[in-house]
Amino acid sequence: MSVNAESLMQPNQKNGLFSWLKTWLTTVDHKKIAVLYLFGGGLFFLIGGIEAMLIRLQLTAPENHFLTGSAYNQVLTMHGTTMIFFVAMPMIFAFMNAVVPLQIGARDVAFPFVNALGFWLFFLGGIILNLSWFLGGAPEAGWTAYAPLSTEYLGRGMDFYVLGLQVAGAGTLMGGINFLVTIINMRAPGMTFMRMPLFTWTAFVTSALILFAFPALTVGLFEIFFDRLFGGNFFNATNGGNSIIFEHIFWIFGHPEVYILILPSFGILSEVISTFSKKRLFGYHSMVFATILIGFLAFMVWVHHMFTVGLGPIANTIFALATMAIAVPTGIKIFNWIFTMWGGQIRFTTANLYAVSFIPTFVMGGVTGVMLAIPAADFQFQDSYFVVAHFHYVIVGGVILGLFAGLYYWWPKMFGRCLNETLGKINFWFFFIGFHVTFFPQHFLGLMGMPRRYFTYLPGEHLTTLNVVSSIGAIGMAIGVITLVVNIVYTFVKGEKAEGDAWGTGRTLEWSIPSPAPEYNFAQTPLVKGIDTYWKEKMDGNKKVTAAEPLGDVHMPSPSIMPFLMSISLTIVSFGFIFSDKGVHRTVSFAVAGIGIAMMLGCMLVRSIKDDSGFHIHKEEIIETEKGMSK
Amino acid sequence: MSKPSNTSLYMERQKRKRELTYYLVSFFMMLLLTGLSFAAVAMKGIEKHFTAFFIVTLAVIQVAFQLYYFMHLKDKNHGMPALFIYSGAFVAFITVLAFVSIVWIS
């Protein structure tokens with residue numbers, strides 16, 4: 001069963017809704033999991049976007065009473081947390097799942113079961129967090145949840161934050177490990193590391209960053225968890241704890257986290273720009289080097305989020321220098337993209353528009369980043385809207401523009417239909433101009449002294465005009481996103497069928513197979529002869545990539561409901577702990593948590609003793625499928 | 001695959017024998033090192049700081065033995081696991097370094 005528009009949009013007429021649901025709940029196919037990640041992340045994107053609009057609505061007028069105090073803090077916290085953990089993260093996993101196995105010539109990821117488990121943990125983590133709205137209020141300590149505010153002064157919302165992120169974080173960590181193993185072990189014959197497409201390279205480095213950074217988050221969240229629920233004193237200064245440690249732990253995770261987000265976008269850019277310039281990526285080796293260097297430096301700079309804490313001039317200076325050093329590999333990348341376009345036959349499809357617009361936008365975010373990296377200046381900028389403008393320039397203008405480029409670029413490969421280009425361009429221009437109108441004025445709001453995270457400002461402070469401009473820009477972004485949703489619906493209903501090589505100038509292996517990819521990906525494992533293998537084969541006059549093996553039966557993993565059940569168990573555990581207020585209910589809630597843990601262990605036991613060796617797709621079936629597919 | 005010749009069979013057996021010796025040696029080494037650590041803590045008259053330093057050193061040696069001899073890091077084609085173990089150790093090290101050096105309130 002391939003992922004196509006029909007199977008996604010409507011239940012199979014023969015088998016009904018139940019069968020459709022079963023397919024998606026039990027799937028371990030990386031292509032289907034990619035779709036789940038995409039729509040899961042998309043759902044949270046709409047929620048986070050609505051929260052953003054509420055924030056802008058509140059800030060449009062001075063002394064506005066639309067969202068005040070705790071309500072504003074909740075919306076702001078949930079906007080940040082949702083956008084980072086439940087939008088950007090799943091989106092990068094969506095593309096890693098959809099593309100990495102195809103780019104390296106593999107039939108699936110190394111651990112398909114764990115892959116499904118990773119998705120369900122992410123999704124239910126997001127559900128746990130968002131249910132806080134209906135169960136006594138959302139978290140309100142900002143996405144950073146600094147102690148002791150988060151441990152001693154706030155209500156149950158913070159428990160939702162801690163456990164929701166803990167569950168989702170476990171899923172992310174699994175995903176990261178899975179992709180490391182996949183990329184190390186499952187490359188097709190001839191696919192050496194230095195022949196891997198750049199998106200796969202960035203996926204690899206991102207996965208390594210996940211592996212090393214997420215444990216810090218897990219530890220930090222556990223410490224908040226123990227401080228809140230069991231009277232631990234990790235961050236309680238009066239009992240000998242130290243709340244600065246939480247800031248360190250959070251940023252030792254948090255800084256690599258933002259590179260985890262941006263690196264796959266860099267990878268997408270490299271693919272899109274090269275494809276639509278009809279040229280090989282300029283400076284492939286330096287791109288790989290820059291990616292690894294950025295990954296390494298990611299762990300060397302976290303204190304630049306803490307310049308004003310008071311760690312002393314020596315610590316500040318070291319971390320300021322390390323931070324500025326990151327501009328070097330990033331600059332290498334920027335120039336390489338420009339040189340890739342230089343002299344190329346550039347086609348401005350929507351994907352390429354997003355990719356090209358990324359470059360100046362991200363450079364602007366990078367320049368304010370270097371400004372913020374100067375400790376003396378940072379004492380002025382910190383906690384003002386200048387910082388807000390900076391990180392929206394790198395995260396929206398960087399990560400999201402890159403992800404949208406990838407969305408338009410790989411949509412035909414994922415669904416077999418091309419997104420509409422006219423709607424795509426409307427989407428792009430509204431989103432892009434709206435983005436700059438929203439966030440460019442915020443630099444100046446910051447310099448004029450508007451503090452970050454405040455719910456209002458006074459009429460006499462001259463902040464009104466720029467805030468109104470910013471809110472108008474937000475409307476533009478909203479129109480852009482709505483156009484994208486319309487485009488997606490339109491494409492499912494009457495989109496054009498895509499070729500295997502949907503853009504005609506595909507260079508990497510994913511374009512050498514039909515769109516959407518068949519369940520087994522490659523009928524025969526390809527033999528890789530160089531960078532951009534598929535392009536090389538096309539230039540040699542071959543219609544197909546040389547195979548490395550004769551046509552034979554393909555071994556596939558069986559679908560399983562276990563990942564979903566395991567994630568449900570952990571959700572039950574989480575709710576047990578969330579409602580364990582000190583007092584009468586404690587026994588009950590711990591019993592609920594205990595039941596969840598028992599269910600989890602039960603699932604693991606079943607998984608361990610049940611012998612499931614998968615199934616085979618037979619040679620004849622493959623020949624039949626290949627014949628039926630558009631090439 | 002063709003049947004292995006007598007020579008390669010012999011080589012294989014020798015290799016297994018050698019492996020077993022390695023296992024046993026490292027196993028007894030570990031018992032010894034653990035014993036030493038306990039002895040260092042139990043013994044009176046040794047400075048506390050020295051004991052701490054001593055047992056941490058022994059622990060590092062033990063971890064190395066574990067990784068290289070029990071978990072096959074010494075074998076061929078283990079470059080990637082080694083790379084990731086050392087990267088992880090490095091990240092853990094700078095984290096701990098930060099906690100003992102720049103936490104502001106001590």
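Reader: How many cavities of 30 Å³ or more are there?
Author: Happy to start there, with a reminder that this is a predicted model. By the rule used for enclosed spaces of 30 Å³ or more, the count of cavities comes to 5.

Reader: What is the volume of the largest cavity?
Author: Let's look at its walls before its size. The lining of the largest cavity is made by 13 residues, and those nearest its centre are L198(A), E271(A), S274(A), L281(A) and D532(A). The space inside the largest cavity comes to about 120 Å³.

Reader: Which helix gives the largest share of the lining of the largest cavity?
Author: Good thing to ask while you have the walls in view. The lining divides into 5 nonpolar, 4 polar and 4 charged residues. The largest share of the lining, 4 residues, comes from one element of chain A, namely helix 9 (residues 243-277).

Reader: Which residues lie closest to the centre of the second largest cavity?
Author: This second largest cavity has a volume of about 90 Å³. It is lined by 11 residues, and the closest to its centre are K31(A), A98(A), L102(A), K413(A) and M414(A).

Reader: How many polar residues are in the lining of the second largest cavity?
Author: Three elements of chain A each supply at least two residues of this lining: helix 3 (30-59), helix 4 (69-103) and helix 15 (385-415). Sorted by class, the lining has 9 nonpolar and 2 charged residues, while the number of polar ones is none: there are no polar residues.

Reader: Is H436(A) buried or exposed?
Author: First find H436(A) in helix 16 (residues 421-447) of chain A. The cut-off for burial is a relative accessible area under 20%. H436(A) has a value of 18%, so it counts as buried.

Reader: Which side chain joins that of H436(A) in a polar contact of 2.9 Å?
Author: Setting aside neighbours within four places in sequence, H436(A) is in contact with T361(A), M364(A), Y393(A) and P441(A). The side chain of T361(A) makes a polar contact with the side chain of H436(A) at 3.4 Å. The polar contact of 2.9 Å is with the side chain of Y393(A).

Reader: Why does S574(A) count as buried?
Author: You can find S574(A) in helix 19 of chain A. Leaving out neighbours within four places in sequence, it is in contact with I128(A), L163(A) and V167(A). A residue is called buried when its relative accessible area is under 20%. S574(A) counts as buried because its relative accessibility is 2%.

Reader: Which backbone oxygen does the side chain of S574(A) reach?
Author: Start from the side chain of S574(A), a residue of helix 19. At 2.8 Å, this side chain reaches the backbone oxygen of L570(A).

Reader: What separates the C-alpha atoms of I568(A) and M600(A)?
Author: I568(A) is found in helix 19 (residues 562-578) of chain A. With a relative accessible area of 26%, I568(A) is partly exposed. Along the chain, I568(A) and M600(A) are 32 residues apart, and their C-alpha atoms are separated by 8.5 Å.

Reader: How far apart are the end C-alpha atoms of residues 20-43 of chain B?
Author: Now we move to chain B, where the unreviewed UniProt entry gives the annotation "transmembrane region" to residues 20-43, 49-71 and 83-105. In the model, residues 49-71 are 96% helix and 0% strand, with end C-alpha atoms 31 Å apart. Residues 20-43 are 96% helix and 0% strand, and their end C-alpha atoms lie apart by 34 Å.

Conventions. Residues are numbered from 1 along each chain as its sequence is written. Chains are lettered from A and ligands numbered from 1 in the order in which they are written. This is a predicted model: local features need pLDDT of at least 70, side-chain atom pairs count only at pLDDT 80 or more; totals for chains, interfaces and linings use all residues. Side-chain values use heavy atoms; hydrogens and water are left out. On a 1 Å grid over the protein atoms alone, a cavity is a set of points where a 1.4 Å probe fits but cannot get out, and a pocket is an open set with protein on both sides within 12 Å along at least five of seven lines; lining residues have an atom within 4 Å of a point. Grid points are joined across faces, edges and corners, and a volume is the space filled by probe spheres set on the points. Ala, Val, Leu, Ile, Met, Phe, Trp, Tyr, Cys and Pro count as nonpolar, Asp, Glu, Lys and Arg as charged, and the others, Gly among them, as polar. Buried means under 20% relative accessible area, exposed over 50%, partly exposed in between (1.4 Å probe, protein chains only). A polar contact is a pair of N or O atoms within 3.5 Å; within protein, one must be able to donate a hydrogen and the other to accept it, and residues adjacent in sequence count only if both atoms are side-chain atoms. Contact means heavy atoms within 4.5 Å. UniProt positions are given in the numbering used here, feature names are shortened, and annotations may be inferred rather than shown by experiment.
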